[in-house]
Amino acid sequence: MWEWVRRAVLHSLCTALLRLWKWVRAFWYKNGLLTLSMLSVVTGCLLGFLLRTLELTDLEKQYFSFPGELLMRMLKMLILPLITSSLMSGLATMDSRACGKMGVITITYYLWTTFMAVTVGIILVVIIHPGAAAQKDNYTVGKVVLSSADALLDLIRNMFPSNLVEASFQQYRTVLVPVVKSPGFPKIPGKPVNFIYFAPDDKNPEIHRPVFLELTPSPEMTYRTLAGTSNEMNVLGIVIFSATIGLLLGKMGERGAPLVNVCQCLNEAVMKIVSMAVWYFPFGIVFLIAGKILEMEDPSVIGQKLGLYVITVVSGLALHGIILLPLLFVLITKKNPFAFIQGILQALLIALATSSSSATLPITLKCLLENNGIDRRVARFVLPVGATINMDGTALYEAVAAIFIAQVNEYELDLGQIITISITASAASIGAAGIPQSGLVTMVIVLTSVGLPTEDITLIIAVDWALDRLRTMTNVLGDALAAGIIAHVCQKDFAPKPPPQDPVSNKDKFPSAETSHLHPKDNGTEVTEETLLDQTGIHYNICQV
């Protein structure tokens, strides 16, 4: 009797353990990488705050952050080949009419969501009024900044780069050169008298800041604009060039097929690199987040000065990203938005760690294709364009920051000025590069549009590194939800059309226009064909490894 009971208990226990093991294996197979990424974010935060007590030197902090630096370099390495191959191959394999429709819907949606984000930010900052609790320092450091016209012209110049190779690592930026004019000293022809010295910056020795001397009488200072560059990828110019080439390749027919095949293979190869590199991301995220926490100032002092400002920005981002964007997704697609968001959690965590929507682009594309089943032609177009012009979080942040600076200076804004801020914040966010802390650069346009002091940007620099990560998550979330909405709206345009009824022809001669994405467990080599919609007879062979 007891032997039978013992065997029954052991059998049930073994069965339960086996079921638990199968569940753990299935969960790890599906959500293992996501779980590791979430744990790495928590571990990075705890490790960063614990190491702050050791008061590490700058060199030790640099060595500690090296694994996180490798993560950023790996992601940035994939941006250029992914954008060019995705846009060229995606637009070339689409019908021109369907492509035009998708482009108009995408741009309209992005502009509308950006305006919604700015409106939410303005309403919250007016209601909460965080500028009342903040105080300006007794001293301010004057800084010469570009005018709104120069910043806008730089944006237009970057849309049409003069050198595509240079655009892959540099972009155009106007620089201001000080010129000293003093009537109290004799002017020697060809030898201007200068009373200005350039000293290296304490944090970055490569940057030279002007040091002015107290002269009697003080010289008249003017500034001359010259052409310059900044060491940032010109993503906007590359996107416009790649999209143009993709559209023209689609119209060239069979003559453009070889180049489209190259782009298809390059795109698949980049996605394979992403699939292998993602397993390094949890390790790199720990050191990336911990390194940033080590560099931050005293949290208690920042909380006293900018606590309400941080609450305002975070509330606006949460309201826009958790309520408004999913609500818009539900109204258009009639689907559960949170199930869709669950499929892109990996991309959101990478956005939180890197604070760069362009660097997160490979992971976002991978999540949409593998987890949410988005048509790859839609994803190849919507995501690169969104990573360039769709900056909902940045637009909200710039509107809140501009009105916050006005409140700190006790500057009353009328309705016309608030409308000006909303328009300029929306336009400036489009020109913001998908790199960390790019919003501070375009913030100048918003402040100068209503006559606010641009040197007060230093008030919010202390918390910008943290808010930059949250607004990048909002930007990536907006791009992904836009891809889902565009895929639903344009579903009929991209549906595979049945082959013509021809009893003589082989049914397998023309396969479907788009192949399904590879599952991670597929290790074989599959050769498929893609056909231009409404242009039968033109085949694009791609090799999926």
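Two positive phi angles, a covered helix and its neighbours

Student: Glu55 sits in the loop between α1 and α2 (58-64); is this residue, which has a positive phi without being a glycine, buried or exposed?
Tutor: In this predicted model, the phi of Glu55 is about 55°. Exposed residues are those with over 50% relative accessible area. Because the relative accessible area of Glu55 is 69%, Glu55 counts as exposed.

Student: Ser355 also has a positive phi although it is not a glycine; is Ser355 buried or exposed?
Tutor: Ser355 comes just after α12, with a phi of about 55°, and its place is in the loop between α12 and α13. The cut-off for burial is a relative accessible area under 20%. Since the relative accessibility of Ser355 is 3%, this residue counts as buried.

Student: How many of the 10 residues of α12 are buried?
Tutor: The buried stretch can be read from Gln346, Ala347, Leu348, Leu349 and Ile350 on to Ala351, Leu352, Ala353 and Thr354. Helix α12 is thus mostly covered, and its buried residues number nine.

Student: Which helices do the buried residues of α12 pack against?
Tutor: One of these partners is α9, whose residues Phe281, Ile285, Leu288 and Ile289 meet Gln346, Ile350, Ala353 and Thr354 of α12. Taken together, the helices packed against the buried residues of α12 are α1 (2-51), α3 (66-92), α9, α11 (337-342), α13 (357-370) and α18.

Student: At roughly what angle do the axes of α9 (residues 281-295) and α12 (residues 345-354) cross?
Tutor: The crossing of α9 past α12 is left-handed. By class, the residues in this contact are six nonpolar, two polar and no charged. The two axes come within 9 Å, and their crossing angle is roughly 35°.

Student: Turning to α3 and α13, how many nonpolar residues does their contact have?
Tutor: The axes of these two helices come within 8 Å and cross at roughly 65°, in a left-handed crossing. On the α3 side the contact is made by Leu75, Leu78, Ile79, Leu82, Ile83 and Ser86, which meet Ser358, Ala359, Leu361, Pro362, Ile363 and Leu365 of α13. Sorted by class, this contact has no charged residues and two polar ones, while the nonpolar residues number 10.

Student: Which helix gives the largest share of the largest nonpolar core?
Tutor: That core has 75 residues, and Ile83, Tyr109, Phe281, Ile363, Leu368, Val382 and Leu481 are those with the most contacts inside it. The largest share amounts to 10 residues, and the helix that supplies it is α18 (residues 461-489).

Student: Which residues does Tyr109 contact, leaving aside neighbours within four places in sequence?
Tutor: Tyr109 is among the residues with the most contacts inside the largest nonpolar core. With those sequence neighbours set aside, the contacts of Tyr109 are with Leu325, Leu328, Gly478, Leu481, Ala482 and Ile485.

Student: What span, from first C-alpha to last, does helix α8 (residues 257-277) reach?
Tutor: Helix α8 has 21 residues, for which 30 Å is expected at 1.5 Å a residue. Its buried residues include Val260, Cys263, Asn267, Val270 and Val274. The span that α8 reaches is close to the expected one, at 30 Å.

Student: Over the whole protein, what percentage of the residues is buried?
Tutor: The secondary structure comes to 18 helices and six strands. Of the contacts between residues at least 6 apart in sequence, 81% join residues at least 24 apart. Among the 545 residues of the protein, the buried portion is 47%.

Methods: Residues numbered from 1 in each chain as written. Predicted model: local features only at pLDDT ≥ 70, side-chain atom pairs only at ≥ 80, totals over all residues. Heavy atoms only, no water. Axes fitted to C-alpha atoms, helices over the stretch in contact; angles between N-to-C directions. Helix = DSSP H or I, 4+ residues; strand = E, 2+ residues; numbered from the N terminus. Left-handed = near helix turned anticlockwise from the far one by under 90°. Contact = heavy atoms within 4.5 Å. Nonpolar A, V, L, I, M, F, W, Y, C, P; charged D, E, K, R; others polar. Expected span 1.5 Å × (residues − 1). Buried < 20%, exposed > 50% of the residue type's maximum accessible area, 1.4 Å probe, protein only. Core = buried A, V, L, I, M, F, W, Y, C linked by side-chain atoms within 4.5 Å.
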